[in-house]
Amino acid sequence: MARDVLVIADLRGQDLRNVTLEALGGALRVAEGGRVAALAIGHGLEKAAAALFAHGATEVWLADQEALSHYQPDLYLAATEAAIAEVRPALVLLAHSAIGRDLGPMIAAAHGAGQASDVIAVDLQDGEVVYTRPIYAGKAFTRVKVKGELAVATVRPNNLPMPESGTATGEARALAFAAPSDLRTTLREVVRKTASGVDLTEAKIIVSGGRGVKSAEGFVPLRELADVLGAALGASRGACDAGYCDYAMQVGQTGKVVTPDLYIACGISGAIQHLAGMSNSKVIVAINKDPEAPIFKVADYGIVGDLFEIVPALTAELRAFLG
Ligand SMILES: Cc1cc2nc3c(=O)[nH]c(=O)nc-3n(C[C@H](O)[C@H](O)[C@H](O)COP(=O)(O)OP(=O)(O)OC[C@H]3O[C@@H](n4cnc5c(N)ncnc54)[C@H](O)[C@@H]3O)c2cc1C
């Protein structure tokens, strides 16, 4: 049965985050011939619109205003509601990002709709959409269906396959919507706290440090390894609590949930709360001087030894190998 789907784009400035294209891939899989519309909210969205068409969106709506350059819940909800009124989708897909986690439930609440959060797969089963999502801090998975005329789902980055970019183009449509006059929140300042240029939640490779790095300077060899690999830098809460790095780098149950192709854990014991954020990584390498450290139970490759010897040696080898 054909169903129309609306994907709400997640942007970094004027650039689409990969998770938007992954959500678009999910939408294309379950639309069964229905429309796959995308909505981009922000300012200066021509490039994003072109990318959405190229990756398979059948229609693109733009809410393009300077006031939308940064996320503002009331304005973004008003724009989303206008797009829903235009598209009348059976399913709204968003990124499981800071914005999607805020906006998704507001959309669901406004429509009395059900929401599947943090989904890692979107499939069809007997003609119905089924969402797979981790539960119990990633120890088990549940497959859920959402009843009703509208479903809302947020998609975890790095999990759904991204559709190939093609040559499709299209004319994006300007979305008309009435901005609420009484905004309940005002953006005063944006403080960027990314430790490197690579977005942790979308990174294909992450080098992560724990309390074993022993100081802020202890992250220097990890940063060198990350630079050679084009990786993002992460951390355990132990390292953050000790003041070695910023909490923006924290991976885990109360930090960021990541699913990179390669996760290199350096001086991290592997507490359950840390594993909750990274155990679904495709390949895990652990470097720890304690052979009994729990991180080795989830590691595909383990190196027992001092990270201050191993990490620089690894960096030198990889630099020579990768040129
Ligand atoms: C409610 C709650 C939520 C939490 N959320 C999170 C979360 O989101 N993320 C998170 O990470 N934690 C979280 N924690 C904390 C978690 O329980 C652990 O305390 C924390 O993960 C430990 O960090 P760590 O592995 O860096 O430190 P430690 O457990 O102290 O481990 C340090 C490791 O470094 C190794 N080591 C030391 N020196 C070297 C060396 N020179 N070379 C190699 N290895 C070395 C040691 O053998 C040890 O295994 C949470 C806890 C609670 C209660």
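Start by selecting V119 in this predicted model: V119 stands opposite V155, a residue of strand 11. Next, extend the selection to strand 7 (114–119) and to strand 11 (residues 151–155), which pair in the parallel sense over four bridges.

Now select the whole sheet. Seven strands form an open sheet with parallel pairing, in the order 7-11-6-1-4-5-12. Go to its edges, where strand 7 and strand 12 (173–174) each have a single partner strand, so one side of each is left without a neighbour in the sheet.

Add helix 1 (residues 18–31), which packs on the sheet. Helix 1 touches strand 1 (5–8), strand 4 (36–42), strand 6 (91–95) and strand 11. Looking along strand 1, note that the direction of helix 1 makes about 175° with that of the strand.

Zoom out and colour by domain: domain 1 covers 5–174 and domain 2 covers 200–322. Their centres, taken over C-alpha atoms, are 31 Å apart. Where the two domains meet, nine residues of domain 1 are in contact with 10 residues of domain 2. On the domain 1 side, the touching residues are three nonpolar, four polar and two charged.

Finish at the ligand, which has 28 residues around it. Select G210, G212, R237, G238 and G252, the ones that come nearest. Then show the elements that give two or more residues to this shell: helix 6 (237–241), helix 7 (272–278), strand 16 (283–288) and helix 9 (307–322). Coloured by class, the shell has 15 polar, eight nonpolar and five charged residues.

How values were computed:
Residues numbered from 1 in each chain as written. Predicted model: local features only at pLDDT ≥ 70, side-chain atom pairs only at ≥ 80, totals over all residues. Near = placed C-beta within 6 Å. Nonpolar A, V, L, I, M, F, W, Y, C, P; charged D, E, K, R; others polar. Pairing = 2+ DSSP bridges. Contact = placed C-beta atoms within 7 Å. Axes fitted to C-alpha atoms, helices over the stretch in contact; angles between N-to-C directions. Domains from an automatic or database assignment.
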